[in-house]
Amino acid sequence: FTVEESSTSQKDLLVSEKTDTWNNCKGNMYFLFSHVCSALKFHIKKATNVKDRNITVTEVKLHNVKNHANFYFRSMSWQRMSGNGYYTLLSASNAFELSSTDYRAMYAGTLNQDTENAYLFMLPQSLTAWNPAEGPVTSTTGAYLELNFIMDGQNLTGYVPFQGTFEQGYKHNVNINLGKNSLYNADGRKIIAE
């Protein structure tokens, strides 16, 4: 199974396995389905240490995520994970200005048509974050968010280390608190150094 990188093209993967006889079920077999991917909904706000800055986020991508694996029905488990995918979490058509008080949901493309159920589906996995102290973002295998944003009228690209354990069959709400201590340039230096 390969997870589609375009979040607007994604589908959840449901599995079910049941056996019965005609005499027992009278031709009506009912299935219980299990969600075997992990569902994530992303929210973002600006931290209080940047509350006086005007920040509009125009695009957000999640990088360095495993996107291919084999699923085994008998053990209900994923094996042989591979791939190095990225997912667009917010597209330019859905850009918005950040608030310092309320988290706002991020959506890509047409996901904004159903904001209540707009989840990113990915393989269940634990992500280790990019460590800015160990080198530039271009040489890492760690996970990170890439953000295109406008801060106080200036177009910028920033990177936020990202980690977490995302379990099979669960919905995860991910809150990003964007501030001085989490936003880096590609070389691993803080964008807001004051």
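Which residues touch the most other members of the largest nonpolar core? They are Phe-42, Ile-44, Leu-145, Leu-147 and Phe-162, in a core of 43 residues. The model is predicted.

**The cores**

Eight strands are listed as supplying at least two residues each to this core: strand 3 (38–46), strand 4 (55–65), strand 5 (68–72), strand 7 (85–90), strand 10 (120–122), strand 12 (144–151), strand 13 (154–161) and strand 15 (171–178). Strand 4 gives the largest share, five residues. A second core stands separate from this one. It has five residues, among them Trp-130, Val-137, Tyr-159 and Tyr-184. In soluble globular proteins, nonpolar side chains tend to be buried together.

Ile-44 shows what a core residue meets. Beyond its neighbours within four places in sequence, Ile-44 is in contact with Val-57, Phe-96, Leu-98, Asp-102, Tyr-103, Arg-104, Met-106, Leu-147, Ile-176 and Leu-178. Leu-147 is also one of the residues that touch the most other core members.

**Overall form**

The protein has one helix and 15 strands. Its C-alpha trace spans about 75 × 35 × 25 Å along the principal axes. Of the 194 residues, 43% are buried. Contacts between residues 24 or more positions apart make up 67% of those with a separation of 6 or more. The exposed surface comes to about 10,800 Å², and carbon and sulfur atoms supply 45% of that area.

**Strands 4 and 7**

Strand 4 and strand 7 run antiparallel and are joined by five bridges. Within this pairing, Leu-62 stands opposite Tyr-87 of strand 7. Strand 7 is mostly covered, with five of its six residues buried.

Tyr-86 also lies in strand 7. Its relative accessible area is 34%, so Tyr-86 counts as partly exposed. Outside its neighbours within four places in sequence, Tyr-86 is in contact with Glu-5, Lys-61, Leu-62 and His-63. The C-alpha atoms of Tyr-86 and His-63 are 4.4 Å apart, although 23 residues separate the two in sequence.

Asn-64 sits in strand 4. Asn-64 has a positive phi of about 65°, yet is not a glycine. Most residues other than glycine have a negative phi. Asn-64 is buried because its relative accessible area is 14%, below the 20% limit.

**Strands 5 and 6**

How do the side chains of strand 5 point, and which are buried? They alternate: Ala-69 and Phe-71 face one way and are buried, whereas His-68, Asn-70 and Tyr-72 face the other way and are not. In a regular strand the side chains alternate between the two faces of the sheet.

Strand 5 pairs with strand 6 (residues 77–82) in the antiparallel sense, over four bridges. Asn-70 has Gln-79 of strand 6 as its bridge partner. Four residues lie between the strands of this hairpin. Met-76 belongs to the loop between strand 5 and strand 6. Its phi is positive, near 50°, and Met-76 is not a glycine. Met-76 is partly exposed because its relative accessibility is 32%.

**Salt bridges**

The structure holds two salt bridges.

| Acidic residue | Basic residue | Closest N to O |
|---|---|---|
| Asp-152 | Arg-53 | 3.2 Å |
| Asp-187 | Arg-189 | 3.6 Å |

The bridge of Asp-152 and Arg-53 links distant parts of the chain, 99 residues apart. Asp-152 is in the loop between strand 12 and strand 13, and Arg-53 is in the loop between strand 3 and strand 4. Is Arg-53 buried or exposed? Arg-53 is buried, since its relative accessible area is 18%. Asp-152 has a relative accessible area of 42% and is partly exposed. In the other bridge, Asp-187 is partly exposed at 48% relative accessibility.

**A nonpolar surface patch**

Which residues make a nonpolar patch on the surface? Leu-14, Phe-31 and Phe-33 do, over about 310 Å². Leu-14 is placed in strand 1 (residues 14–15). Leu-14 is partly exposed because its relative accessibility is 41%.

Methods:
Residues numbered from 1 in each chain as written. Predicted model: local features only at pLDDT ≥ 70, side-chain atom pairs only at ≥ 80, totals over all residues. Heavy atoms only, no water. Patch = residues over 30% accessible without salt bridge, like charges linked within 9 Å, V, L, I, M, F, W, Y side chains within 5 Å. Areas by Shrake-Rupley, 256 points an atom, 1.4 Å probe, with all protein chains shown as cover. Salt bridge = Lys/Arg side-chain N within 4 Å of Asp/Glu carboxyl O. Buried < 20%, exposed > 50% of the residue type's maximum accessible area, 1.4 Å probe, protein only. Core = buried A, V, L, I, M, F, W, Y, C linked by side-chain atoms within 4.5 Å. Contact = heavy atoms within 4.5 Å. Pairing = 2+ DSSP bridges.
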